[in-house]
Amino acid sequence: MHAWLCENPTGVDALTWKELPTPTPGPGQVLIQIEAASLNFPDLLIVQNKYQMKPELPFVPGSEYAGKVEAVGEGVTHLKVGQSVACLSGTGGFGTHTLAPAKLCMPLPAGFPATDGAAFIMTYATSHHALVDRAALQAGETVLVLGAAGGVGTAAIQIAKAMGAKVIAAASTDEKCALCTSLGADATINYSTQNLREALKSLTEGKGPDVVYDPVGGDLAEPAFRSIAWRGRYLVVGFAGGPIPSLPLNLPLLKGASLVGVFWGEFARREPQANAAMMGELAQWYGQGKIKPVLDRTMPMNELKAAYTLMGSRSVMGKLVMVN
């Protein structure tokens, strides 16, 4: 097998494409022949030694991938050789093969291509957990999605619309706003050219959004929170914009609003039955055509460094997927 190996997490340039022995699955593991792997923001942080998870060196990055089961380890009964699966294991995806915990593998039904499977779990699980579980979003409520043209943002738009909510999508370019409109957003805000608070006031007739979905952080957090509706829920999803914001705590007091943390990975670990039920609903929604990953483009696995450069430029709309 071949894989991109990180022997020293000093950045993308330190990754090398190497031939490695193809491993044999141990108890509870499966060997997956990788057909596609998506690039997520944590994949950038992890090779810079900036992510909360610090894998033992050396490691193969690539948190999310899909392919076919090539071998199963002892005790694995729910997966079979030749079966198509998607997996989010944190590492291992940027290669031709990887070992994965069988319990983390999501069987892909017929008609669910590997490119969609590789771009599915992280974004849709995060957004469903955020909007359904943490925000208790109701039909008819208004959701503001920040960073709406990115991976989790596009998933959040689709899930909120599937739940009957009104969606205001905020993004940094007119092109990104147009993508959000094509996904069903009811209104868009280009926060590079428009004042976020004034636009929200106009679009919500002064009420503000009931739910703010924020994977960006940075300078947008405070104006978004200041705009939130009475009893609003502010979802802290991530900090792709860079700095972690410091919000004045009088804001949730004055608005009777909730500041709600979203950590899907820990939810999946602590509440596996609830997570499995959620993933089943998401697979059903995919089959019904309610949700579908937005792919910016697919690129050959050997062009991973170029893909990282694209992601760092903040020009990606939806997900970048590497294919073997």
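User: Which side chain makes a polar contact with the side chain of Asn-275?

Analyst: Happy to start there, with one reminder: this is a predicted model. The partner is Trp-264, whose side chain makes a polar contact with that of Asn-275 at 2.8 Å. Asn-275 itself belongs to helix α10, which runs over residues 272–287.

User: Is Asn-275 buried or exposed?

Analyst: The general idea is to look at relative accessible area, where buried means under 20%. Asn-275 has 12% relative accessibility, so it counts as buried. Setting aside neighbours within four places in sequence, Asn-275 is in contact with Trp-264, Phe-267 and Ala-268.

User: What does a residue on the other side of that cut-off look like? Take Arg-269: where is its place?

Analyst: Arg-269 sits in helix α9, residues 264–270. Exposed means over 50%, and Arg-269 counts as exposed because its relative accessibility is 57%. Its side chain still has a partner: a polar contact of 2.6 Å joins it to the side chain of Glu-266.

User: Now Thr-123. Which residues does Thr-123 touch, not counting those up to four places away in sequence?

Analyst: Thr-123 touches Gly-151, Val-152, Ala-155 and Lys-319. Thr-123 is part of helix α3, residues 121–134, and with 3% relative accessibility it counts as buried.

User: How do I read a whole helix this way? In α5, which residues are buried?

Analyst: Begin by listing the buried positions, then ask how they are spread around the axis. In α5, residues 174–182, the buried ones are Lys-176, Cys-177, Leu-179 and Cys-180. They span an arc of only 155° around the axis, so they lie on the same side of α5.

User: Which exposed residues does the face of α5 turned away from its buried side carry?

Analyst: That face carries Asp-174, Glu-175 and Ser-182. As for what covers the buried residues, the cover includes α4 (151–162), β9 (166–171) and β10 (187–190). If you follow the chain just past α5, you meet Gly-184, with a positive phi of about 115°.

User: Where do I find residues other than glycine with a positive phi?

Analyst: Scan the backbone angles, then check where each residue sits. Ala-136 is one case, with phi near 50°. Ala-136 lies in the loop between α3 and β8 (142–145), and at 39% relative accessibility it counts as partly exposed. Arg-231 is another non-glycine residue with a positive phi, in its case about 60°. Arg-231 is in the loop between α7 (221–226) and β12 (233–236). Arg-231 is exposed, with a relative accessible area of 62%.

User: What about peptide bonds? Which residues does a cis peptide bond join?

Analyst: For this one, look at omega. Leu-57 and Pro-58 are joined by a cis peptide bond, with omega about -10°. Pro-58 lies in the loop between α1 (41–46) and β4 (64–72).

User: Let's turn to pockets. How much space lies in the second largest pocket?

Analyst: It holds about 340 Å³. A good way to read a pocket is to start from its centre and then go through its lining. There are 20 lining residues, and those closest to the centre of the second largest pocket are Val-60, Thr-91, Gly-92, Thr-98 and Leu-99. The elements that give two or more residues to this lining are β1 (2–5) and β6 (97–101). β6 gives the most, with five residues.

User: How do the residues of that lining divide into nonpolar, polar and charged?

Analyst: The lining of the second largest pocket has 13 nonpolar residues, seven polar ones and no charged ones.

User: One last residue, Asn-324. Which residues is Asn-324 in contact with, leaving aside its neighbours within four places in sequence?

Analyst: Those are Ile-34, Glu-35, Gly-95, Thr-96 and Met-301. With Gly-95 you can look at the atoms themselves: the side chain of Asn-324 reaches the backbone oxygen of Gly-95 at 2.8 Å. Asn-324 lies in the segment after β15 (319–323), and it counts as partly exposed at 47% relative accessibility.

User: And how are sequence separation and distance read together for Asn-324 and Lys-292?

Analyst: Put the two numbers side by side. Asn-324 and Lys-292 are 32 residues apart along the chain, and their C-alpha atoms are separated by 21 Å.

How values were computed
Residues numbered from 1 in each chain as written. Predicted model: local features only at pLDDT ≥ 70, side-chain atom pairs only at ≥ 80, totals over all residues. Heavy atoms only, no water. Helix = DSSP H or I, 4+ residues; strand = E, 2+ residues; numbered from the N terminus. Buried < 20%, exposed > 50% of the residue type's maximum accessible area, 1.4 Å probe, protein only. Contact = heavy atoms within 4.5 Å. Arc of directions from axis to C-beta. 1 Å grid on protein atoms, 1.4 Å probe; cavity = no way out; pocket = protein on both sides within 12 Å on 5 of 7 lines; lining within 4 Å. Points joined across faces, edges and corners; volume = space filled by probe spheres on them. Nonpolar A, V, L, I, M, F, W, Y, C, P; charged D, E, K, R; others polar. Polar contact = N/O pair within 3.5 Å; in protein donor to acceptor, adjacent residues only side chain to side chain.
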